[in-house]
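Let's take a stroll through this protein together, one piece at a time. Have the sequence and the 3D view handy, and follow along.

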Amino acid sequence: MTESLETDVIVLGAGAAGENAAGRVVSAGLESIIVESALVGGECSYWACMPSKALLRPGTALAEASAVDGSREAVSGSLDVPAVLRRRDSFTSNWDDASQVQWVKDTGIGLVRGRARLTGERTVEVTDDAGTRVTITARHAVVLATGSVPVEPPVDGLADVEYWGTREATSSSEVPGSLLVLGGGVAGTELAQAYARLGSKVSLVARHGVLDSLPAPAAKLVIDALEADGVEIHGNTSPERISRDESGAIVMDLPGGQRLAGDRLLVSTGRRPALDGLGLEELGLDPNSLRTDDSGLVAGAANWLYAVGDAAGKVLLTHQGKYEARATGSAIAARAHGEIGFGEPPAYSRFTATADHTAVPQVVFTDPEIAMVGLSPKDASARGIRVSETSLPLSVAGSSLFADGYTGWAQMVVDEDRGIPVGFTFAGPGVAELLHAATIAVTGQVPLDRLWHAVPAYPTISEVWLRLLEKYGL
Ligand SMILES: Cc1cc2nc3c(=O)[nH]c(=O)nc-3n(C[C@H](O)[C@H](O)[C@H](O)COP(=O)(O)OP(=O)(O)OC[C@H]3O[C@@H](n4cnc5c(N)ncnc54)[C@H](O)[C@@H]3O)c2cc1C
Ligand SMILES: NC(=O)c1ccc[n+]([C@@H]2O[C@H](COP(=O)([O-])OP(=O)(O)OC[C@H]3O[C@@H](n4cnc5c(N)ncnc54)[C@H](O)[C@@H]3O)[C@@H](O)[C@H]2O)c1
């Protein structure tokens, strides 16, 4: 038997983006049903941001205490691995989504559990594990917030060995004796350090370099730290073959005859939007090249289909997905109330995710951290913006108080025609909390001669702002 439901807005996927889209339309007076096939809360809560940061934080806290004369002497032991894993489990609520389900209920959002598929315009069919079907029709819109899936690299033999993805690495209850990591992006780098500090012998294989899309001096600080943690880095290479040997170890054959072996293999080689099996092709849409405007509206779908978060494939970060979802939720509600039309709303209105283009903040939560926002000199030049780059070692009174022998780096990218900063990168211990000031300066397009009057408190690490402006020439 098929149950039929009707609502204003159907949201597919109850990750961070889906929750925010549904929450936004409900707070604007519309009804919404969210459909989820796994845990309400999605990847970030259970298998990505939260558990990975919970695995990293104890190692960073220990390193911070060990980096200061006086407290260093009080550090007498190493990480307590069972306690670290227990704390990680508490951050994932032991993979129980009851509290997030309660939030959905309290917010007035309907929840249907099962796998959703679009069966027509504004119509979704949901099938749960027992085979029960529910058909839901939306009066206004359907939002795709189905997240992303890992990309499996085409490596000979990989499909025949059992390996970890980031889900297994973030939820593991064991710390392997040795771990091979394939992929030197943010996920591979963070998890390589987490496991090295928990006691694994880690080898990291990166097709290009480690964090190679980030400014080289910042990436170098992280590479040095990984090596100090005992991580063996194999850069500019990719395995020719992966197999399992007679002892049960996973073996990676690199070009040139080098062979690496480990108890476990983590593959973290990127992600792509999870749009397969949603019925998009039947609606004349290509899941491999879905295009959305800045309100999330999908091109070619007659003004009823939206995509947000990883599913939209623009920026694969939780905070940016939530931001897109707030814009989309507001746009859907305003359109339903006849307040705006279906043309793309103006940039920087609350109906658009304008910052996706110019001011995306990201933190790499290794020790040292890398925190960046906005455009790199290369990004800016590609957009035809005439920029200057100012960079220096991060060395101010606040940093030397933070840690003995503090090493860091900072960069400011300035649009020379407009006299405004368009990008910042900070690398070093404790720099993540410097980032929001930079995000505000970039998003607010604060002129440098006004930024000069934003005086950093003494003695904080933020004094690096003053050093950057002085070096720039103010
Ligand atoms: C290891 C790792 C660490 C990360 N750390 C950070 C970090 O520190 N900070 C940060 O900003 N970002 C981080 N990210 C990225 C972040 O996890 C994602 O950007 C974020 O989870 C995307 O949220 P979302 O709501 O778009 O998708 P998801 O959280 O993936 O949610 C999508 C939901 O849709 C459901 N779903 C899918 N298909 C269907 C269907 N057909 N029917 C019903 N339900 C469906 C899924 O079950 C899932 O719950 C990390 C990623 C990884 C892999
Ligand atoms: N702190 C954070 O914000 C955070 C942490 C983890 C993940 N994430 C997000 O999750 C997404 C996925 O992370 P990710 O690190 O898997 O993706 P990524 O795209 O950042 O990095 C993938 C890496 O794998 C490498 N690679 C691909 N194929 C390879 C091969 N055959 N051999 C060797 N290397 C290969 C790529 O060169 C790249 O360096 C990213 O968009 C990232 O921003 C964010």
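A good place to start is just past a helix: α1 is followed by Gly 29, a residue with a positive phi, near 95°. Keep in mind that what you're looking at is a predicted model.

Now step back to α1 itself, which covers residues 16–27. Does its length add up? At 1.5 Å a residue, these twelve residues should span 16 Å, and the end C-alpha atoms are indeed 16 Å apart, so the two agree. How enclosed is α1 by the rest of the structure? Largely, because eleven of its twelve residues are buried. Among them are Ala 16, Gly 18, Glu 19, Arg 24 and Val 26. As for what surrounds the helix, its buried residues pack against the strands β1 (2–12), β2 (32–36) and β6 (133–144), and also against the helices α2 (42–47), α5 (98–107) and α9 (318–336).

Zooming out, the domain assignment splits the chain into three parts. Domain 1 is pieced together from 3–46, 92–149 and 272–355, while domain 2 takes in 158–269 and domain 3 takes in 368–472. Between the C-alpha centres of domain 1 and domain 2 there are 34 Å.

For a look at how distant bits of sequence meet, find Leu 278, in the loop between β15 (271–273) and β16 (305–307). Is Leu 278 buried or exposed? It has 21 C-beta neighbours inside 10 Å, and 20 is enough to count as buried, so buried it is. Ala 116 sits 162 residues away from Leu 278 in sequence, yet their C-alpha atoms are 6.9 Å apart in space. Leaving aside residues up to four places away in sequence, Leu 278 touches Arg 117, Leu 118, Leu 144, Thr 146 and Pro 287.

Last stop: a sheet. Four strands make up an open sheet with parallel pairing, in the order β10-β9-β8-β14. At the edges stand β10 (232–234) and β14 (264–267), each with a single partner strand, so each has one side left without a neighbour in the sheet. On average, neighbouring strands here are turned by 20° against each other, direction ignored. Further in, β8 (residues 178–182) and β9 (residues 201–205) run parallel and are joined by five bridges. One to look for is the bridge between Ser 178 and its partner in β9, Lys 201. Finally, helix α7 (residues 186–198) lies across β8, β9 and β14, and runs at about 165° to β9.

Methods:
Residues numbered from 1 in each chain as written. Chains lettered and ligands numbered in written order. Predicted model: local features only at pLDDT ≥ 70, side-chain atom pairs only at ≥ 80, totals over all residues. Helix = DSSP H or I, 4+ residues; strand = E, 2+ residues; numbered from the N terminus. Expected span 1.5 Å × (residues − 1). Contact = placed C-beta atoms within 7 Å. Domains from an automatic or database assignment. Pairing = 2+ DSSP bridges. Axes fitted to C-alpha atoms, helices over the stretch in contact; angles between N-to-C directions.
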